[in-house]
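Here is a friendly walk through one structure, from its pockets to its backbone. Have the 3D view open as you read.

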Amino acid sequence: MGRIISNSFIYDLKEGPLSKILKYVKADSTLQMELRKNSLNIYYRGGSLIKIKEQGSNQYKAYFDKNYVTSNASESVMVQCIDGINSIEATKNVIDVIPTIKQQMDFWMSVKKPDGGEREYHHIVAKENNSKNTGKNTDYFICDIEYSGDLDKDKNFKFDMIGVKWPLIKGFRDSNEDLTLCILGMKYGDKSENKIIDYVQDIHKFLGDKEKLENLKKEMEETYKIKSELGLIYPYEKTLIKFSDKIEVIFIFANQNQENNTVFEELKALKEEESYEELCQMVDMKFAKASFMGYGLYENNMAALEELIK
């Protein structure tokens with residue numbers, strides 16, 4: 001599976017040399033941990049703050065994305081790898097540079113993404129729906145952000161978020177089976193370049209490939225098990241979930257000026273698309289509405305396309 005870490009990696013995060021990093025991430029509301037193949041990424045404001053890769057048994061290496069370096073000055077930030085992470089003491093070297101790297105990323109974003117950028121808001125949605133404070137009371141949880149791969153030999157896809165619908169209604173949380181897989185797309189701000197129709201066409205093509213869909217389900221079930229075991233997602237203890245055949249596609253439109261008709265024109269065009277009609281036969285298509293200005297996702301705050309463009 002593409003985004004799964006080893007049992008020894010999980011143990012080291014829970015009780016071994018990486019345990020202080022996990023504790024640090026869980027204590028810092030600006031950070032988000034996501035699983036990748038034999039590695040994990042710690043995200044800050046939607047960008048990869050640090051990547052920790054397994055090198056061997058109880059051996060790890062940490063990387064910082066030097067693309068975020070905006071100065072050649074040696075004092076700007078550590079850009080080299082931190083190698084030989086195999087103890088609590090070595091882990092401390094990683095934790096010690098996190099504030100400096102955060103500052104470097106803030107400098108980069110102030111120049112390149114002064115409005116924060118769409119990826120930062122993927123991070124916020126995931127954090128608000130997964131955290132112990134608000135997440136346990138929402139109806140959706142976010143398994144992963146920026147899930148990508150090949151649609152075919154000529155085209156790639158990237159889904160903003162992959163989630164699980166597990167409603168907070170009486171009796172429903174008693175079972176961890178027959179849950180709904182969710183593919184989420186986000187369009188942030190009036191200047192977003194993401195085209196709704198393109199995104200829907202990619203989802204339609206992806207779901208038409210049964211092997212890809214089954215692999216996604218298996219991967220997200222395994223991801224949920226690991227993240228719940230690490231205390232990163234509800235119920236914050238090891239949980240095995242199973243998906244039903246139901247699928248939801250959810251769009252989140254954030255900070256859209258009501259005077260700007262771009263989104264509504266896109267939605268009207270979408271309604272006429274053949275791929276949209278076919279996709280609606282395969283999934284429940286929904287559009288999230290704000291929960292008193294927050295990013296928590298609730299079933300009762302989901303609207304149909306017809307409600308938005310009437």
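## The second largest pocket

Strand β9 gives the most to the lining of the second largest pocket, contributing four residues. This is a predicted model, so please read what follows in that light. The pocket holds about 580 Å³ of space. Its lining counts 24 residues, and those closest to the centre are Phe253, Ala254, Ala288, Lys289 and Ala290. Besides β9, the elements that give two or more residues to this lining are α7 (262-271) and β10.

What is the chemical make-up of the lining of the second largest pocket, in nonpolar, polar and charged residues? The lining divides into 15 nonpolar residues, eight polar ones and one charged residue.

## Strand β10 and its partners

One of the elements lining that pocket, β10, is worth a closer look. Strand β10 covers residues 284-288, and four of its five residues are buried, so the rest of the structure largely encloses it. On one hand, β10 pairs with β9 (residues 243-254) in the parallel sense, over five bridges. Within that pairing, Ile252 has Ala288 of β10 as its bridge partner.

On the other hand, β10 runs antiparallel to strand β11 (residues 302-303), and two bridges join them. Here Phe287 is bridged to Ala303 of β11, while Ala288 stands opposite Met302 in β11. Ala288 therefore turns up in several places: it is the bridge partner of Ile252, and it is among the residues closest to the centre of the second largest pocket.

## The six-stranded sheet

These pairings belong to an open sheet of six strands with mixed pairing, in the order β6-β7-β8-β9-β10-β11. Which strands stand at the edges of the sheet? They are β6 and β11; each has a single partner strand, so one side of each is left without a neighbour in the sheet.

When you look along the strands, a general point may help. In a regular strand the side chains alternate between the two faces of the sheet.

## A cavity by β8 and α5

Turning to enclosed space, a search of the whole structure finds one cavity of 30 Å³ or more. The volume of the largest cavity is about 60 Å³. Its lining is made of Asp160, Gly185, Met186, Lys187, Asn194, Lys195, Ile196, Tyr199 and Phe251. Both β8 (179-188) and α5 (196-207) supply at least two of these residues, and β8 has the largest share, with three. By type, the lining residues are four nonpolar, two polar and three charged.

## Helix α5

Helix α5 has 12 residues and reaches 17 Å from its first C-alpha to its last, close to the 16 Å expected at 1.5 Å a residue. Is α5 mostly covered or mostly uncovered? Mostly covered: nine of its 12 residues are buried. The buried set consists of Ile196, Ile197, Tyr199, Val200, Asp202, Ile203, His204, Phe206 and Leu207. Two of these names, Ile196 and Tyr199, also appear in the lining of the largest cavity.

For orientation along the helix, here is a general rule. An α-helix has 3.6 residues a turn, so residues three or four places apart point the same way.

## Backbone details

Some backbone features deserve a visit. Tyr234 and Pro235 are joined by a cis peptide bond, with omega at about 0°. Pro235 sits in the loop between α6 (210-229) and β9.

Asn38 and Glu146 are further stops. Asn38 has a phi near 55°, a positive value in a residue other than glycine, and lies in the loop between β1 (31-36) and β2 (39-44). Glu146 also has a positive phi, about 55°, although it is not a glycine, but its place is in strand β6 (residues 140-152). Asn38 is partly exposed, with a relative accessible area of 34%, whereas Glu146 is buried, at 12%.

## The whole chain

Stepping back, the protein chain has nine helices and 11 strands. Its radius of gyration is 20 Å, close to the 19 Å that the globule rule gives for 310 residues, so the chain is as compact as a globular protein of that length. The C-alpha trace spans about 60 × 45 × 45 Å along its principal axes. Of the 310 residues, 52% count as buried.

Notes
Residues numbered from 1 in each chain as written. Predicted model: local features only at pLDDT ≥ 70, side-chain atom pairs only at ≥ 80, totals over all residues. Heavy atoms only, no water. 1 Å grid on protein atoms, 1.4 Å probe; cavity = no way out; pocket = protein on both sides within 12 Å on 5 of 7 lines; lining within 4 Å. Points joined across faces, edges and corners; volume = space filled by probe spheres on them. Nonpolar A, V, L, I, M, F, W, Y, C, P; charged D, E, K, R; others polar. Buried < 20%, exposed > 50% of the residue type's maximum accessible area, 1.4 Å probe, protein only. Pairing = 2+ DSSP bridges. Expected span 1.5 Å × (residues − 1). Rg over C-alpha atoms; globule rule 2.2 N^0.38 Å.
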